[in-house]
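The exercises below concern a sheet, two helix contacts and two arginine side chains. Work through each task with the structure open before reading its solution.

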Amino acid sequence: MSLVLIGFMGSGKSRVGRELARLLSCPMLDLDARIEEAARCSIPELFLSRGEAAFRALETSELRRALGEEAVLSTGGGVVTREENRELLRESESPVVWLQASPQVLAERIRSEPGARPLIDGQGLLDLEQTARRVRALLEVRGPLYEQCATMRVQTDGREPEAIAAEIMSAL
Ligand code: S3P
C-alpha cells in the first residue's frame, strides 16, 4: 500500500517515513530528494539560483509522479501551499498522515540543521526565539491547509519515530 506523510519542516516526516517503510516492507520516497535529483542541486542552492517558484513547479511534477508509485512518501512542509498539490493529495487513494508538533519543538529541530531551510533561515543566523516566531507565522497559514488534505493526524512532541509509526500502523 501507499501512504503520504505531510507536516511542517522538522515534524519528523523522514524519520517516521523510514520506520513506516520498514514496517510495511515497501520503498520510502523523499520528495525533497526527488526534487534535488531533478534539479541536480541541493534545495538551498535551488532556492538561491532559481527561486521558490522554480522549486514549487518541480515539487508539483515530482509529487504527481511519486503518488503513482507504491511507497511511503515523505513530502516537504510546503507541499500543501499549492492548490494543485492539495487536489492531488485529496484525490490520492492513500492515507495522508499529518505529523503535528509544537512551534517550539519545530524551531529546535530546524535550528539543529542550520541553513537547511531557506524559508525559515537560509543562512542559519536566527536564534531560537526568532526561529520560533517564523515557525508560528508560517504555521498559522499552513495549519488549515494541512487540515484540508489530512485523513489522519498524529501528535509527535516528545515521541520517538518508532512510537509514532506504530500508532499510524495500528490506525491503518
Ligand atoms: C519547505 C520544506 C522543506 C523543503 C523546502 C521548502 C517548506 O522540506 O521542501 O525547504 O516550504 O516548508 P522539509 O519539510 O522536509 O524540511
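The model is predicted: local features need pLDDT of at least 70, side-chain atom pairs count only at pLDDT 80 or more, and totals for chains, interfaces and linings use all residues. Residues are numbered from 1 along each chain as its sequence is written, and side-chain values use heavy atoms, with hydrogens and water left out.

**Exercise 1. Find the strands that pair with strand 1, and place strand 1 in its sheet.**

Step 1. Strand 1 and strand 3 (residues 72-74) run parallel and are joined by three bridges. Strands are DSSP runs (E, at least two residues), as are helices (H or I, at least four residues), both numbered from the N terminus. Two strands pair if DSSP finds at least two bridges between them. In this pairing Val4 stands opposite Leu73.

Step 2. Strand 1 (residues 3-6) is also joined by three bridges to strand 4 (residues 96-100), again in parallel. Here Ile6 stands opposite Trp98.

Step 3. The sheet is open and has five strands in the order 2-3-1-4-5, with parallel pairing. Its edges are strand 2 (28-30) and strand 5 (152-155), each of which pairs on one side only. On average, neighbouring strands are turned by 25° against each other, direction ignored.

Step 4. In a regular strand the side chains alternate between the two faces of the sheet. In strand 1, Leu3 and Leu5 lie on one side and Val4 and Ile6 on the other; all are buried, and both faces are covered. Buried means under 20% relative accessible area, exposed over 50%, and partly exposed in between (1.4 Å probe, protein chains only).

**Exercise 2. Describe how helix 4 packs against helix 3 and helix 7.**

Step 1. Helix 3 (residues 43-67) and helix 4 (residues 83-91) pack at about 10°, with axes 10 Å apart. Helix 3 is therefore roughly parallel to helix 4. Axes are lines fitted to C-alpha atoms, for helices over the stretch in contact, and angles run from 0 to 180 degrees between N-to-C directions. Angles under 35 degrees count as roughly parallel, over 145 as roughly antiparallel, 65 to 115 as roughly perpendicular and the rest as oblique.

Step 2. Glu59, Thr60, Leu63, Arg64 and Leu67 of helix 3 meet Glu84, Asn85, Leu88 and Leu89 of helix 4. By class, these residues are four nonpolar, two polar and three charged. Nonpolar covers Ala, Val, Leu, Ile, Met, Phe, Trp, Tyr, Cys and Pro; charged covers Asp, Glu, Lys and Arg; the others, Gly among them, are polar.

Step 3. Helix 4 and helix 7 (residues 128-149) pack at about 30°, with axes 9 Å apart, so helix 4 is roughly parallel to helix 7 as well. Arg86, Leu89 and Arg90 of helix 4 make this contact with Leu145, Gln148 and Cys149 of helix 7.

**Exercise 3. Which side chains make polar contacts with those of Arg34 and Arg86?**

Step 1. Arg34 lies in helix 2 (residues 31-39) and is buried, at a relative accessible area of 15%. Its side chain makes a polar contact of 3.0 Å with the side chain of Glu69. A polar contact is a pair of N or O atoms within 3.5 Å; within protein, one must be able to donate a hydrogen and the other to accept it, and residues adjacent in sequence count only if both atoms are side-chain atoms.

Step 2. Arg86, in helix 4, is buried at 10% relative accessibility. Its side chain is joined to that of Glu83 by a polar contact of 2.6 Å.

Conventions. Contact = heavy atoms within 4.5 Å.
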